[in-house]
Each structure stands twice: as C-alpha cells, then as structure tokens.
Amino acid sequence: MDIEKSAITKNAVTVWKDCLSRIKENVTQMTYNTWFLPIKPVAFENNTLKVELPSQFFWEWIDEHYNSVIKNTINDVIGPGAKLEYVIMEEPVEDIRNITHVEKLPERIIVDKPKVNNDFETFLNPRYTFDNFIKGEGNQLARAAAGAISDNPGGTSFNPFFVYGGVGLGKTHLIQAIGNEIVKKFPDKKVIYLSSDIFTVEFVEAIQSNRVNEFSSFYRSMDVLIIDDIQFLIGKEKTQDLFFHIFNTLHQSRKQIILTSDKSPKNLKGLDERLTSRFQWGLTADIQPPELETRIAILNKKAEDYGMIISTEILEYIAMNITSNIRELEGCLIKLLANASLNSKEITLDLARKTVKEIATDRKINNISIDSITKTVCEHLNISENKIRDKTRKKEVVLARQLAMYLSKELTRASLKTIGLHFGGRDHSTVIHACMSIEKAKESDSNFKEMINELKNQIELSAG
Ligand code: ADP
Ligand code: MG
C-alpha cells in the first residue's frame with residue numbers, strides 16, 4: 001500500500017514539474033514564485049493531478065487569475081481528459097478529513113502525513129510546528145506547557161490541556177505542533193487531531209451505520225487525543241455524552257487530552273457541566289492577542305518565509321494597524337504580495353494602507369456566522385431556533401430554514417455541506433433547493449426581496 005502510494009506521489013511530482021516549467025514561461029517571475037512555487041503535487045491518478053495549496057485565499061486567487069494558464073498547461077502536459085484538483089492545507093472549521101466541498105472544491109485528500117501504521121492517520125498538518133510558532137507574552141504559558149506535554153504526553157499534570165482564546169491567535173497551530181512533536185519523539189504513540197465538528201459528524205455517521213461501539217473504542221484507544229474548537233459541541237447532547245465517556249477512559253489511563261475553545265471552560269455555557277468541570281482538572285491556558293513586538297516578529301518571520309523583502313516601516317505600519325489576529329497579519333502579507341505581483345507594483349506604504357483596508361472589509365465577512373444569521377432570521381420571523389434545526393415541515397418553519405440557508409450561502413464562505421450540517425444535518429442538495437426556492441420567491445415578490453435585503457443589512461451591521 002505504501003509503495004503504491006509513493007509511486008503515485010512520485011508521478012505527481014514529475015507531472016507537476018513539467019507543468020511548472022511551462023507555467024514559468026507564461027507568467028512573470030514574481031507571479032511564478034508567489035503563486036506557483038508554493039503549490040505541492042500530492043497525487044496523480046486517472047489523468048487527475050491533485051495539488052495542495054496553502055490556504056483558501058490562495059486557491060481563490062489562483063482560480064480567479066490563473067485558471068486558463070493552469071488549464072492549458074495541464075492539458076498540454078497530461079493530455080486530453082486532464083483534470084486538476086485542489087486540496088487546501090488549512091481551513092478553520094473543516095480543517096481536515098474527507099469533507100467534500102460540493103460547490104467548488106473537489107474532494108479533500110490527505111497524503112504524506114506521519115503514520116503509526118498503515119491504517120492510521122493522525123490528521124495533523126505538518127506545517128504547524130514549534131519551530132515556526134513565535135513566542136510572545138500572549139502565548140507564553142500555553143507555549144511552555146505545550147513543550148512540557150510533548151516531552152511527556154500524559155505524564156504531566158497538564159491533563160487535560162485546555163487552550164482558549166479568540167480566533168486567529170494560534171490555538172490550532174499550537175496544539176497541532178504538540179501532536180507533530182509527539183509523533184516525532186514517540187513514533188509508537190497514537191496521536192489524532194480533529195475538530196469537534198468533525199467528531200460530531202463522524203458520531204452521527206456511526207449512529208446511522210450502527211457502529212457507535214467501534215467509533216467509541218477507536219477514540220478510546222488513542223494515546224493523545226487532540227480536539228479543536230470544543231465549543232462546537234454546544235447543543236449536541238448526545239455527542240457530549242459520548243465524549244464524556246471517552247474523556248474519562250483516556251484520563252483514567254493517563255492518556256493525553258488536548259482541547260481548544262474560543263472561551264474558558266467556565267464560560268462555555270450550554271456545555272454539560274460534567275465536561276466543563278473536567279476540563280479544569282489539568283491546565284487551562286489562554287492565548288492573548290500579540291503585543292506590537294510580537295506582531296512585528298511574526299511579520300518578519302512570515303515575510304522571510306514567503307521570500308518577500310519589505311521595509312521595516314511597512315512591517316511596522318501593518319503591525320500597528322492589524323492588532324488582534326495573527327491570521328489577519330498573515331493574510332495581509334499575502335494580499336500585499338498579491339496586489340504587488342498582479343499589478344507589477346512595488347510594495348509601498350501606500351499599497352500597505354490599501355491592503356490593510358481590504359483586510360478590514362474581509363473581517364466583516366468573516367465575522368458573520370451561520371449561527372448569527374439563524375438567530376437574526378428566527379427573531380425576525382418569530383420562530384424558535386430549535387425548530388429550524390428539527391424536522392418540522394410547517395410552512396413558516398420551512399421558510400425560515402430556507403431563508404437562513406440562503407443567507408448563509410450568500411454571506412459566509414461556508415460550504416453547502418457545512419450549511420446543511422447547521423440545520424439539522426441536512427445534505428447539500430437540500431441547501432441548493434432552499435437557495436433556489438428563495439431566489440425564485442425573491443423574483444416574484446418585491447416585498448419579500450425587500451425583507452431579505454433588510455435582513456442582510458441587519459446581519460452585516462451586527463458583524464461590525
Ligand atoms: P486559531 O486556531 O487560534 O484560530 P490558528 O492556529 O489557525 O489560530 O492561527 C492562525 C494563523 O496564524 C495560522 O496560519 C498560524 O500558523 C499563524 N500563527 C498563529 N500564532 C502564531 C505564532 N505565535 N507564530 C507564528 N504563526 C502563528
Ligand atoms: Mg483554530
């Protein structure tokens with residue numbers, strides 16, 4: 001199996017090399033370095049080349065600007081029937097696992113990840129390491145504990161290790177770095193990383209296929225269980241209950257448990273108290289937004305990683321204006337690079353100003369969540385939020401549900417699958433159907449259209 005896999009990978013590498021040499025002739029050097037070199041070939045099968053991109057933004061950019069370059073190139077290199085599929089390295093919620101992005105992204109596949117044995121996959125992203133995690137005041141405690149845990153998983157008093165903090169501050173990076181380090185130091189240990197959303201989806205699937213015992217014993221057999229964004233278990237009582245039992249088994253046998261959340265255990269309202277109290281048994285560490293020096297250090301490191309030369313003045317400008325989120329700092333650099341390379345401009349302070357502004361607009365979009373949309377719609381139509389998630393086929397509930405699905409598609413970047421998941425585990429075709437019904441109703445009823453616009457405004461306003 002492994003030999004087969006490596007053969008496939010090798011092939012992908014040669015195919016992509018061929019592609020690169022052609023692309024090189026058709027784009028500027030900067031474009032080539034910025035947008036094509038970071039692409040990694042992962043597999044080649046049935047005329048389909050699978051490549052991995054560093055981020056969702058990266059993919060959107062390439063798709064928008066270099067679609068035809070890529071298409072022509074792979075047609076030339078692979079021949080008729082050639083197809084290219086993208087895999088994204090990082091993504092907030094649906095981090096890894098085979099979640100299909102129905103609308104745009106093809107299947108997500110994982111290759112070349114550290115493995116304990118053939119049928120075991122850690123789902124860790126090798127990009128997240130301690131080496132490229134910058135220390136600062138805001139993450140000092142969490143980082144120190146992370147180091148201690150990777151030296152002695154399950155053997156410190158930091159069990160569970162609970163990391164919390166706002167978005168984009170490095171929680172996922174840090175806990176995956178622990179996982180990667182443990183796999184490196186203790187290759188026999190079974191380490192698994194997943195987000196609590198995926199845990200829930202898998203659990204539901206296990207129920208449907210009558211494999212709950214198998215599911216549960218799989219997670220009980222881990223040496224290190226890393227669950228990201230545990231807040232997504234709120235409102236999912238059955239999953240919480242199962243997780244409670246897995247937690248107990250692992251904790252009793254001194255296996256390491258690592259969790260993150262957007263809030264401290266005490267503030268995780270809606271989560272079973274049996275769980276939140278256990279979360280406080282070990283070490284709870286928060287990650288605070290980085291101070292100016294750390295922000296500058298992070299920008300310096302990332303600029304270096306991207307091979308960018310940017311003046312201190314500009315780096316400082318960015319660090320002073322993007323203050324609360326490391327993902328945004330990173331995004332700003334990439335955007336700056338993009339703006340400069342696309343318009344063959346130099347990276348100037350002016351361009352930096354423009355880019356920082358764009359980031360603020362993006363932030364608005366990212367602040368809109370499916371939950372906040374649901375809440376607004378339900379309030380407006382006077383329907384309880386629970387109803388929208390259950391199976392009711394009452395006319396007004398169906399309308400509210402469809403409207404919330406439609407607005408989620410319009411106002412967030414969530415995939416159809418994710419949207420369906422938020423509304424009682426409906427599948428993507430239901431979401432498509434909902435969007436079409438609303439579009440139709442909008443066309444024929446101007447009052448309805450107006451109401452939708454009002455709702456949109458309201459949702460956007462509350463996102464700040
Ligand atoms: P969170 O899980 O808290 O939302 P992430 O771990 O996804 O945040 O971090 C967002 C981005 O910022 C990632 O690309 C990550 O590599 C980067 N990042 C966060 N903290 C640091 C840090 N201390 N040093 C270097 N990069 C960081
Ligand atoms: Mg995260």
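Author: Buried means under 20% relative accessible area, exposed over 50%, and partly exposed in between, with a 1.4 Å probe and protein chains only. Asp229 has 12% relative accessibility and therefore counts as buried. The model is predicted, so local features need pLDDT of at least 70 and side-chain atom pairs count only at pLDDT 80 or more, while totals for chains, interfaces and linings use all residues. Residues are numbered from 1 along each chain as its sequence is written, chains are lettered from A and ligands numbered from 1 in the order in which they are written, and side-chain values use heavy atoms, with hydrogens and water left out.

Reader: How many helices and strands does the protein chain have?

Author: Helices (H or I, at least four residues) and strands (E, at least two) are DSSP runs, numbered from the N terminus. The protein chain has 20 helices and 8 strands.

Reader: What share of the protein chain is buried, and how much accessible surface does the chain have?

Author: Of the 464 residues in the protein chain, 50% are buried. Accessible areas come from the Shrake-Rupley method with a 1.4 Å probe; for residues, only the protein chains shown count as cover. The accessible surface of the protein chain is about 22,700 Å², and carbon and sulfur atoms account for 49% of that surface.

Reader: What do contacts say about residues at least 24 apart in sequence?

Author: Contact means heavy atoms within 4.5 Å. Among contacts in the protein chain between residues at least 6 apart in sequence, 72% link residues at least 24 apart. Ile287, in strand β8 (residues 283-287), offers a case: the C-alpha atoms of Ile287 and Leu141 are 8.3 Å apart, although 146 residues separate them along the chain. Neighbours within four places in sequence aside, the contacts of Ile287 include Gly138, Ala142, Tyr164 and Leu174. Ile287 has a relative accessible area of 3%, and is therefore buried.

Reader: Is Ser408 buried or exposed, and which residues does Ser408 touch?

Author: Ser408 belongs to helix α17 (residues 395-411). Its relative accessible area is 0%, so Ser408 is buried. Not counting residues up to four places away in sequence, Ser408 touches Ile370, Ile373, Ile419 and Phe423.

Reader: Which residues come nearest to ligand 1?

Author: A residue is near a molecule if one of its heavy atoms lies within 4 Å of it. There are 18 residues around ligand 1, of which Ile134, Gly168, Thr172, His173 and Arg327 come nearest. The shell comprises 6 nonpolar, 7 polar and 5 charged residues, where Ala, Val, Leu, Ile, Met, Phe, Trp, Tyr, Cys and Pro count as nonpolar, Asp, Glu, Lys and Arg as charged, and the others, Gly among them, as polar. Helices α6 (171-185) and α13 (326-342) each give at least two residues to the shell.

Reader: Why does ligand 1 lie between domain 2 and domain 3?

Author: Domain bounds come from an automatic or database domain assignment. Ligand 1 lies between domain 2 (120-286) and domain 3 (292-366) because both give residues to the shell around it.

Reader: Which side chains have N or O atoms paired with oxygen atoms of ligand 1?

Author: A polar contact is a pair of N or O atoms within 3.5 Å; within protein, one must be able to donate a hydrogen and the other to accept it, and residues adjacent in sequence count only if both atoms are side-chain atoms. An N or O atom in the side chain of His173 is 2.6 Å from an oxygen atom of ligand 1. For the side chain of Arg327 the distance is 2.8 Å, and for that of Glu330 it is 2.8 Å. Taken alone, ligand 1 exposes 560 Å², and the protein buries 96% of that.

Reader: What is to be found in the loop between β6 (224-228) and α9 (237-252)?

Author: Gln231 lies in this loop, and a polar atom of its side chain is 3.3 Å from the backbone nitrogen of Asp262. Gln231 has 13% relative accessibility and so counts as buried. Ile234 is also in the loop between β6 and α9, but with 32% relative accessibility Ile234 counts as partly exposed. The C-alpha atoms of Ile234 and Lys269 are 7.8 Å apart, with the two positions 35 residues apart in sequence.

Reader: Which backbone angles deserve attention, such as the phi of Asp229 or the omega from Asn159 to Pro160?

Author: Most residues other than glycine have a negative phi, and most peptide bonds are trans. Asp229, in the loop between β6 and α9, has a positive phi of about 55 degrees although it is not a glycine. Asn382 has a positive phi near 60 degrees and lies in the loop between α15 (370-381) and α16 (385-389). With a relative accessible area of 70%, Asn382 is exposed. The peptide bond from Asn159 to Pro160 is cis, with omega near 0 degrees; Pro160 is in the loop between α5 (140-151) and β4 (161-165).
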